[in-house]
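Ready for some practice in reading a protein model? Grab a pencil, and try each task before you look at its solution.

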Amino acid sequence: KLGNATAKAELGRATWKLLHTMASRYPEKPKADERAAVKQWIFLLSRLYPCGECANHFQRMLKDHPPQTSSRAALSNWACSIHNIVNIRLGKAEFDCSTLENVYQCGCAEDPSEVEG
Ligand code: FAD
């Protein structure tokens with residue numbers, strides 16, 4: 001069965017966007033429970049990801065490249081490098097991870113108390 005390449009690509013774009021945007025707002029100095037939570041979320045995502053071929057590959061990548069959760073920069077760079085592994089595998093260009101900060105913005109305030117009107 002061929003599947004639907006357009007739907008698979010859309011799901012991929014949406015998932016990468018969520019992953020990179022979450023990483024861009026992950027704490028600079030995460031607490032132990034925040035580190036555990038994001039790690040679990042990534043492993044659960046790899047288990048539940050609704051494209052079997054992608055999920056298998058994702059799980060194998062996680063074994064070789066475990067999530068780096070010690071800081072915002074560590075998690076953001078980790079997400080960028082696993083995305084680059086997929087890019088290479090699919091014959092796409094590698095992304096320059098030094099430009100990440102300007103690309104992924106959540107549209108929310110840095111501090112939850114800074115509520116925008
Ligand atoms: P995407 O790769 O979806 O990227 C979206 C945008 O993110 C790009 O336009 C660019 O602006 C930015 N970007 C690109 N690279 C990076 C990076 N390294 N760091 C930060 N931002 C970046 N598809 C398959 O066909 N087979 C698979 O096995 C497969 N496995 C996948 C596994 C996972 C975990 C995920 C989330 C997706 C997978 N996909 C797979 C989907 C695939 O990665 C793409 O999402 C899809 O092909 C659409 O590609 P795209 O060119 O629109 O850009």
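The exercises below go from the whole chain to single residues, and the model they use is a predicted one.

**Exercise 1: The whole chain**

Task: Find how many helices and strands the secondary structure of the chain comes to.

Solution:
- Step 1. Count the elements: the chain has five helices and zero strands.
- Step 2. Write them in order from the N terminus, which gives α-α-α-α-α.
- Step 3. Add the dimensions: along its principal axes, the C-alpha trace spans about 50 × 30 × 25 Å.
- Step 4. Look at the contacts between residues with a separation of 6 or more: 52% of these join residues 24 or more positions apart.

**Exercise 2: The core**

Task: Work out which residues make up the largest nonpolar core.

Solution:
- Step 1. Begin with burial in general: of the chain's 117 residues, 9% count as buried.
- Step 2. List the members of the largest nonpolar core, which are the six residues L19, A23, L75, W78, A79 and C80.
- Step 3. Assign them to elements: at least two residues of this core come from α1, and at least two from α4.
- Step 4. Pick out the main contributor: α4 gives the most, with four residues.

**Exercise 3: Around the ligand**

Task: Describe the shell of residues around the ligand, and say which of them come nearest.

Solution:
- Step 1. There are 19 residues around the ligand, and those that come nearest are A9, G12, C54, H83 and F95.
- Step 2. Two or more residues of the shell are given by each of α1 (5–25), α3 (52–64) and α4 (72–89).
- Step 3. Of these, α1 has the largest share, with seven residues.
- Step 4. Sort the shell by chemical character: eight residues are nonpolar, seven are polar and four are charged.

**Exercise 4: Two residues up close**

Task: Decide whether G12 and K29 are buried, partly exposed or exposed.

Solution:
- Step 1. Locate G12: this residue lies in helix α1.
- Step 2. Count its neighbours: G12 is partly exposed because 16 other C-beta atoms lie within 10 Å.
- Step 3. Check a distance: G12 and C51 are 39 residues apart along the chain, and their C-alpha atoms are separated by 9.3 Å.
- Step 4. Locate K29, which is found in the loop between α1 and α2 (32–48).
- Step 5. Count again: K29 has 8 other C-beta atoms within 10 Å, so K29 is exposed.
- Step 6. Finish with another distance: from C-alpha to C-alpha, K29 and A109 are 17 Å apart in space, with their positions 80 residues apart in sequence.

Notes: Residues are numbered from 1 along each chain as its sequence is written. This is a predicted model: local features need pLDDT of at least 70, side-chain atom pairs count only at pLDDT 80 or more; totals for chains, interfaces and linings use all residues. A residue is near a molecule or strand if its C-beta atom, placed from the backbone, lies within 6 Å of it. Ala, Val, Leu, Ile, Met, Phe, Trp, Tyr, Cys and Pro count as nonpolar, Asp, Glu, Lys and Arg as charged, and the others, Gly among them, as polar. A residue is buried if 20 or more other C-beta atoms lie within 10 Å of its own, exposed if 12 or fewer, and partly exposed in between; C-beta atoms are placed from the backbone. A nonpolar core is a set of buried Ala, Val, Leu, Ile, Met, Phe, Trp, Tyr and Cys residues joined through C-beta atoms within 7 Å. Two residues are in contact if their C-beta atoms, placed from the backbone, lie within 7 Å.
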